[in-house]
Amino acid sequence: MRAALGPWRVLDLMVVALPAAVVAEVLGLGAPVLFVLSALAVIPLAGLVGRSTEVLAERVGGSKGALLNATFGNVAELLIAALLVVNGEIAVLKASITGSIIGNLLLLLGVSMVVAAHDKSEVPITVTSRVQATMLFLAMGILLLPTVFSFRPESSTTRLDEVSGLVALILFAVYALSMLFMLRTNRHQFQEDGEGSSGEGSDGKGSGGDGSGRGEREQAGEEGQAGGAAEDGRPTWSVKGAVVVLAVATALVAVAAEMVASSVEEAGSALGLHSGFIGFVILPLVGNAAEQFSALGLAAKDRLGVASEIAVGASMQLAMFVVPILVLLGLVTGNPFDLAFSPLELSALIIGTLLTRHLLDDGKANWLEGVMLLGLYLAFAGAVFFADLNG
């Protein structure tokens with residue numbers, strides 16, 4: 001198994017933060033130190049999970065490969081979120097989910113647009129990302145219902161949990177059918193989209209499938225076999241090596257995620273930051289760092305179509321795949337995770353999704369649209385900084 005080359009090595013070297021975090025916990029150096037070190041450790045480990053999963057998905061191919069990507073693509077976020085549920089940190093969890101969705105839509109996609117289109121009049125956007133944006137807009141409409149229901153006179157904690165469970169099931173069912181649509185019944189539409197967009201296609205987590213960019217990834221893999229690594233720095237691992245990396249990295253992510261979740265409240269108090277801000281801004285940056293790194297690298301190589309699929313697809317999977325899992329976990333563990341968000345969180349989700357869908361709808365992007373997305377993200381992040389979401 002050859003080591004990754006290029007900029008990925010910078011992330012891989014950050015894995016030393018995990019043993020440092022373990023030492024900090026053993027020596028009792030305090031929650032802030034433990035939180036920072038364990039959060040830094042999640043970044044390279046999530047990157048290793050993503051890259052090993054991509055290798056396996058390419059070998060498996062088809063819908064099985066897509067399912068593999070969808071399952072492990074959000075593993076870092078899922079593990080941190082699951083531990084927040086187990087620890088009863090529901091307010092932090094809601095802030096983290098909101099921050100992850102709009103962080104991908106506004107921050108990551110906005111920066112990618114600026115990077116890819118700063119010297120061009122416009123850059124094409126793929127059909128896949130536009131379909132994903134529409135699906136995400138639908139998901140936000142469904143997620144709105146528990147919050148609206150919570151203001152009804154017949155609302156109660158039990159009723160709200162029941163409505164949240166129903167909404168979660170509907171989200172998961174629609175997500176599964178959307179995967180069937182993109183990967184089976186209408187697969188040709190997304191393949192043609194990749195062929196007609198200067199080679200741009202899907203990238204692992206971004207599209208949730210092998211669809212439009214499989215040929216390009218295979219070509220990149222062949223080039224990597226000849227030169228030791230793919231052009232973007234991803235490793236050319238064997239299947240056995242990828243399985244080993246995936247298993248070890250997932251286990252280590254679980255260790256780091258446990259330390260992050262257990263120290264977030266105390267660390268926030270010690271650092272003078274309320275846990276709502278940590279959940280809204282810091283945790284999403286940590287959990288999504290590896291895919292953000294990949295998307296920005298692709299945008300810099302004039303592959304905004306792939307970068308947009310990563311950004312929008314990650315948000316769609318989080319809303320329609322991860323959230324239902326967390327709701328079910330909350331029911332099982334006795335720490336119910338209802339889907340009634342605060343007005344500020346709900347505004348961020350709906351306005352962010354609506355703006356993104358509107359900007360992608362014409363199939364083109366420019367740097368000013370990226371600035372619009374960034375401006376909206378900074379406005380919401382600033383509002384969250386001053387307004388404690390836990391209050």
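Me: Which residues of α5 are buried?

Reply: Keep in mind that this is a predicted model. A residue counts as buried when its relative accessible area is under 20%. In α5, the buried ones are Val75, Ala76, Glu77, Leu78, Ile80, Ala81, Ala82, Leu84 and Val85. That's nine of the helix's 12 residues, so α5 is mostly covered.

Me: How do I read the span of helix α5, residues 75-86?

Reply: Take 1.5 Å and multiply it by one less than the number of residues. For the 12 residues of α5 that gives an expected 16 Å, and the end C-alpha atoms are indeed 16 Å apart, which agrees.

Me: What comes just after α5?

Reply: Look at Gly88 there: its phi is positive, about 75°.

Me: Where does Asp302 lie, and what is its phi?

Reply: Asp302 sits in the loop between α13 (289-300) and α14. Its phi is positive too, about 60°, although Asp302 is not a glycine. As for cover, partly exposed is the label between 20% and 50%. Asp302 has a relative accessible area of 44%, so it gets that label.

Me: Which residues have the most contacts inside the largest nonpolar core?

Reply: Think of a core as buried nonpolar residues joined through their side-chain atoms. The largest one here has 112 residues, and Leu326 and Phe337 have the most contacts inside it. Helix α14 (residues 304-333) gives the most to this core, with 15 residues.

Me: What does Leu326 touch, leaving out residues up to four places away in sequence?

Reply: Leu78, Ala81, Ala82, Val85, Leu93, Ile97 and Phe337. You've met some of those names already: Leu78, Ala81, Ala82 and Val85 are among the buried residues of α5.

How values were computed
Residues are numbered from 1 along each chain as its sequence is written. This is a predicted model: local features need pLDDT of at least 70, side-chain atom pairs count only at pLDDT 80 or more; totals for chains, interfaces and linings use all residues. Side-chain values use heavy atoms; hydrogens and water are left out. A nonpolar core is a set of buried Ala, Val, Leu, Ile, Met, Phe, Trp, Tyr and Cys residues joined through side-chain atoms within 4.5 Å. Buried means under 20% relative accessible area, exposed over 50%, partly exposed in between (1.4 Å probe, protein chains only). Helices (H or I, at least four residues) and strands (E, at least two) are DSSP runs, numbered from the N terminus. Contact means heavy atoms within 4.5 Å.
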